[in-house]
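Have the sequence and the structure open side by side while you read. The text below goes through the chain a few places at a time.

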Amino acid sequence: MTFITRCLTALTGLMLSFGALAAPLELSGVKLDESIDVHGAKLQLNGAGIRYKAVFKVYVAALYLDKKAATPEEVYATPGAKRISISLLREMDSNELGKSFTKAFEENAPKTEMSRLIPGLIKMGQVFSGQKIMAAGENFSIDWIPGTGTVISVKGKPQGEPILEIEFFNAMTRIWLGAQPVDWKLKNELLGKPS
């Protein structure tokens, strides 16, 4: 193999690897951008995965942060904007979805913080109860915006007033990253660990 052939082969391999990195991630037909803009902050995809209940695919979850985090503690400590994005893979009753989040929220929230978190939990319940049915393909997001609070958006539209305390956003994050996550495999995937 000549020097020029080796250089061309290496260059082609390098270009292919950059092309693979630039391509958006796709899980069960849901395309996830490697980076997004959340209220003026550029966030990168920390990890994503599929939530299973028994053998059924329920939703695709993605975690976006301003810098990579490999542990739940690093996610909670990240000072900038953050986003948890949920894209449904099947139709769901919003009350059922809200109840499952509330249960996981309560199982993972520090008991010392629960009394302060109840007003935010009630607001979150109102958001889901107002939706009735969420169809496959629909999306909602939970954003932490410094100086504003936690904003829950359904189909791209913010719902209700922001929840001011960072403890509420961190408690929401514990649904997926806490000591008793809704799905252990998904927890690892959101933290960018191989499943």
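Where is the place of serine 28? Serine 28 sits in the loop between β1 (25–27) and β2 (30–32). The model is a predicted one, and the values that follow are computed from it.

The backbone at serine 28 has a phi near 50°, which is a positive value in a residue other than glycine. Most residues other than glycine have a negative phi. Serine 28 is partly exposed, because its relative accessibility is 36%, and partly exposed means between 20% and 50%. Alanine 54 also has a positive phi, near 60°. Alanine 54 belongs to the loop between β4 and β5. With a relative accessibility of 71%, alanine 54 counts as exposed, since the cut-off for exposed is over 50%.

Now take the chain as a whole. It contains six helices and eleven strands. The chain has 195 residues, and 44% of them count as buried. Among contacts in the chain with a separation of 6 or more, 57% are between residues 24 or more positions apart.

Two strand residues show what burial looks like in detail. Asparagine 46 is in strand β4 (residues 41–53). Is asparagine 46 buried or exposed? Its relative accessibility is 4%, so asparagine 46 counts as buried; the limit for buried is under 20%. Leaving out residues up to four places away in sequence, asparagine 46 touches Leu63, Tyr64, Leu65, Lys67, Lys68, Ala69, Leu190, Leu191 and Gly192.

Valine 58 is part of strand β5 (residues 56–65). With a relative accessible area of 5%, valine 58 is buried too. Neighbours within four places in sequence aside, valine 58 is in contact with Arg51, Tyr52, Lys53, Leu88, Leu89, Arg90 and Met92. Glutamate 91 is 33 residues from valine 58 in sequence, while the C-alpha atoms of the two are 8.6 Å apart in space.

The next element to find is helix α4, which covers residues 114–129. How far apart are the end C-alpha atoms of α4? They are 21 Å apart, and this agrees with the 22 Å that 16 residues should span at 1.5 Å a residue. The helix has a kink of about 25°, centred on glycine 120.

Which residues of α4 are buried? They are Met114, Leu117, Gly120, Leu121, Met124, Val127 and Phe128. Look at the spacing of these numbers along the helix. An α-helix has 3.6 residues a turn, so residues three or four places apart point the same way. The buried residues of α4 pack against α3 (94–108), β9 (139–145), β10 (149–154) and α5.

The last of these partners, α5, covers residues 166–177. The axes of α4 and α5 are 9 Å apart, and the two helices pack at an angle of about 65°. The crossing of α4 past α5 is right-handed. On the α4 side, the contact is made by Arg116, Leu117, Gly120, Leu121 and Met124. On the α5 side, it is made by Glu167, Phe168, Ala171 and Met172. Sorted by class, this contact has six nonpolar, one polar and two charged residues. Glycine 120, the centre of the kink, is therefore one of the buried residues of α4 and also one of the residues in the contact with α5.

Note on methods
Residues are numbered from 1 along each chain as its sequence is written. This is a predicted model: local features need pLDDT of at least 70, side-chain atom pairs count only at pLDDT 80 or more; totals for chains, interfaces and linings use all residues. Side-chain values use heavy atoms; hydrogens and water are left out. Axes are lines fitted to C-alpha atoms, for helices over the stretch in contact, and angles run from 0 to 180 degrees between N-to-C directions. Helices (H or I, at least four residues) and strands (E, at least two) are DSSP runs, numbered from the N terminus. A crossing is left-handed if the near helix is turned anticlockwise from the far one by less than a right angle, and right-handed if clockwise. Contact means heavy atoms within 4.5 Å. Ala, Val, Leu, Ile, Met, Phe, Trp, Tyr, Cys and Pro count as nonpolar, Asp, Glu, Lys and Arg as charged, and the others, Gly among them, as polar. Buried means under 20% relative accessible area, exposed over 50%, partly exposed in between (1.4 Å probe, protein chains only). The expected span of a helix is 1.5 Å times one less than its number of residues. The bend at a residue is the angle between axes fitted to the seven residues ending there and the seven starting there.
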